Amino acid sequence: ATLSLGIAYAQTPDLSDPPAIEGEVLGDHGSHTLRMGLGLSDTSPQYLSSRYFADILEQRTEGRITVNIFPNSQLGDDVQMMEMLQTGSLDMSYPSSSPATTYVQELAVFDLPFLLPSREAAIAVMQSETAQRMLDAFEGTGIKALTFSENGYRQLTNSARAVESPEDVAGLDVRGLSVRTMENPVHLSIWETLGANPTPMAFGELFSAMEQGVVDGQENPWSTILTSNFYEVQDYGSETRHVYTPFIMMMSQRTWDRLAPEYQELVQEAARQSAEYEIQLSTEYDDWAREQLEERGMQITRLDDDQVAAFQEAVQPVYDRWAPRIGEDLIAEIQSIVDATQ
Ligand code: TK8
């Protein structure tokens, strides 16, 4: 992008190249052209790693499987695209886990605030048998869930004021911030508890909603705030890291069932390899994107430990309300995986 000042900014950091594609070339098990819809832009780790996924399939089938990728929510938002997977009108998508809780309720454990204190802990959880059980639980929904990867740590941005405390969200003598949330009840609960005015909304509608002042703010990882150009309509950012959101790479069950077993195995392997690459890209993006946003004029507030603790304390009622419904045992299971990484 080139700003009016005439300064050209890099769109991506110095990213690692994808690992070399290895493994045998499969025999002829038919030809497939798959359509994959993404919410994020073509500079996002989500897109770049999906290209790698497509390349693995293409190379290892000598072009018999091709994947056409449609970024920027052009085919629909997360909720709509999951419905399209169910009916078979779309082959693949890559939504956040949060809107997928309508299919697998246990996924809501990822929506609990401040549950995953480090990326290391998050990765351990996503690679655990507990997480695999959640992917398996899509059986019967019309969706084949292939792998978890990283959306990332969510940070609050808004166009009204600098935020460094829950009081700044609620507003003392001014109104509470109106914050767009994902379509997920735990997220709604988090922002209600903080005294904001939350509005669930599809990601694809978010930019213009902020531009038109329908909402003051939103929360997403720095990489998304950069690659979806949110800094153009958001003056303030706060490094709250309040939730770590995974992505889930998905295929329509109908598409999956049409693939030969050899192709199914390849798709599963390529999904895992590309997820690993996605997490790497997302990690490389994170701090870099924050610096880029500052360079582009966003005022970003870092929070010290006490300030983070104040947010953590303020959202305690979210646990009290949701832990019984999500399952105390499940939360304890996740907690023990987290503890093992600390
Ligand atoms: C993109 C979404 C996005 C998510 C959101 O399709 O909705 O805010 O964080 O990344 O999945």
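Ligand site and domains

Q: Which space is the largest cavity, and what makes a set of points a cavity?
A: The space taken by the ligand is the largest cavity. The term cavity is used for a set of points, on a 1 Å grid over the protein atoms alone, where a 1.4 Å probe fits but cannot get out. The model is predicted, with local features needing pLDDT of at least 70 and side-chain atom pairs pLDDT 80 or more, while totals for chains, interfaces and linings use all residues. Residues are numbered from 1 along each chain as its sequence is written, and side-chain values use heavy atoms, leaving out hydrogens and water.

Q: Which residues surround the ligand?
A: Gly 39, Leu 40, Asp 78, Ser 96, Asn 151, Arg 154, Arg 180, Met 182, Phe 203, Asn 220 and Phe 247 do, where near means a heavy atom within 4 Å.

Q: What makes the ligand's pairing with the side chain of Asp 78 a polar contact?
A: A polar contact is a pair of N or O atoms within 3.5 Å. An oxygen atom of the ligand is 2.7 Å from an N or O atom in the side chain of Asp 78, so the pair meets that limit. For Ser 96 the distance is 2.7 Å, and for Asn 151 it is 2.9 Å.

Q: Why is the ligand said to lie between domain 1 and domain 2?
A: Domain 1 (32-150 + 246-284) and domain 2 (155-243 + 291-341) both give residues to its shell, so the ligand lies between them. The bounds come from an automatic or database domain assignment.

How values were computed
A polar contact is a pair of N or O atoms within 3.5 Å; within protein, one must be able to donate a hydrogen and the other to accept it, and residues adjacent in sequence count only if both atoms are side-chain atoms. On a 1 Å grid over the protein atoms alone, a cavity is a set of points where a 1.4 Å probe fits but cannot get out, and a pocket is an open set with protein on both sides within 12 Å along at least five of seven lines; lining residues have an atom within 4 Å of a point. A molecule sits in a cavity or pocket if more than half of its atoms lie within 2 Å of its grid points.
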